[in-house]
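Visitor: I should like a close look at one part of this model, its aromatic side chains.

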Amino acid sequence: MALAVMSKNEFDSLEDERLSLACMEPTFSQIRAKDMAVKAKVISELSEGQRALCMFKAFYGHAKNSEMEYYGWITHLLQNPDMWAGVMNGISFFGDKEMSRLLEETKEVLETRNRRLGLEWKDAVITDLDRDKELNAGVKQLYRRFQQISPASLKTIAVHIRANADEFVRFEE
């Protein structure tokens, strides 16, 4: 189990999003640009809370910057059911019902579109948003809600980390 190393003062002073990222950096440095087998092994060695944080942060970090990235990452996760389950389990671990509802709603919207057009998850590309005005409008609305909900998600996660610091951090003397 890879723990972040920092001073107690640094830990106490980090804002919510930065705290969760700092706690995952040791893990991310082990899995960044590695194949899925390495990622799966490293993630399997994490505690339940670390795994929940890792899966949320991997999704959030990739999806937070734009509607296209949100769409791209949701469809990527849905192509990989184990990854989707990992993210959803992570969100559930933190008791984040709003984010869970939003992601399930996003999945439902995209599944409905795929069924209507006879598409599979592997057919999704981020330029779909340029070609499909209805999809673009729907994803824009979902992404806007994602941006509104995310600060509360990050706060909930930070509260958990602060209450269970020994699961995420080793304090320097």
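Visitor: How many aromatic pairs does a search of the whole structure find? Please describe in detail how the rings are arranged.

Guide: The search finds nine aromatic pairs (Phe, Tyr or Trp rings, the six-membered one for Trp, with centres within 6.5 Å). The model is predicted, so local features need pLDDT of at least 70 and side-chain atom pairs pLDDT 80 or more, whereas totals for chains, interfaces and linings use all residues. Residues are numbered from 1 along each chain as its sequence is written, and side-chain values use heavy atoms, without hydrogens or water.

One of the pairs joins Phe59 to Phe146: the ring centres are 5.6 Å apart and the planes meet at 70 degrees, an edge-to-face arrangement (over 60 degrees; under 30 is stacked, the rest tilted). The contact between Phe59 and Phe146 links distant parts of the chain, 87 residues apart. Phe59 belongs to helix α4 and Phe146 to helix α9, residues 133-163 (helices are DSSP runs of H or I, at least four residues, numbered from the N terminus). Both Phe59 and Phe146 are buried (under 20% relative accessible area, 1.4 Å probe, protein chains only).

These two phenylalanines also belong to a cluster linked by ring pairs, whose members are Phe56, Phe59, Tyr60, Tyr70, Tyr143 and Phe146.

A further ring, that of Phe11, has a charge over it: the charged end of Arg162 sits 5.7 Å from the ring centre. The criterion there is NZ of Lys or CZ of Arg within 6 Å of the centre and within 35 degrees of the ring normal.

How values were computed. Helix = DSSP H or I, 4+ residues; strand = E, 2+ residues; numbered from the N terminus. Buried < 20%, exposed > 50% of the residue type's maximum accessible area, 1.4 Å probe, protein only.
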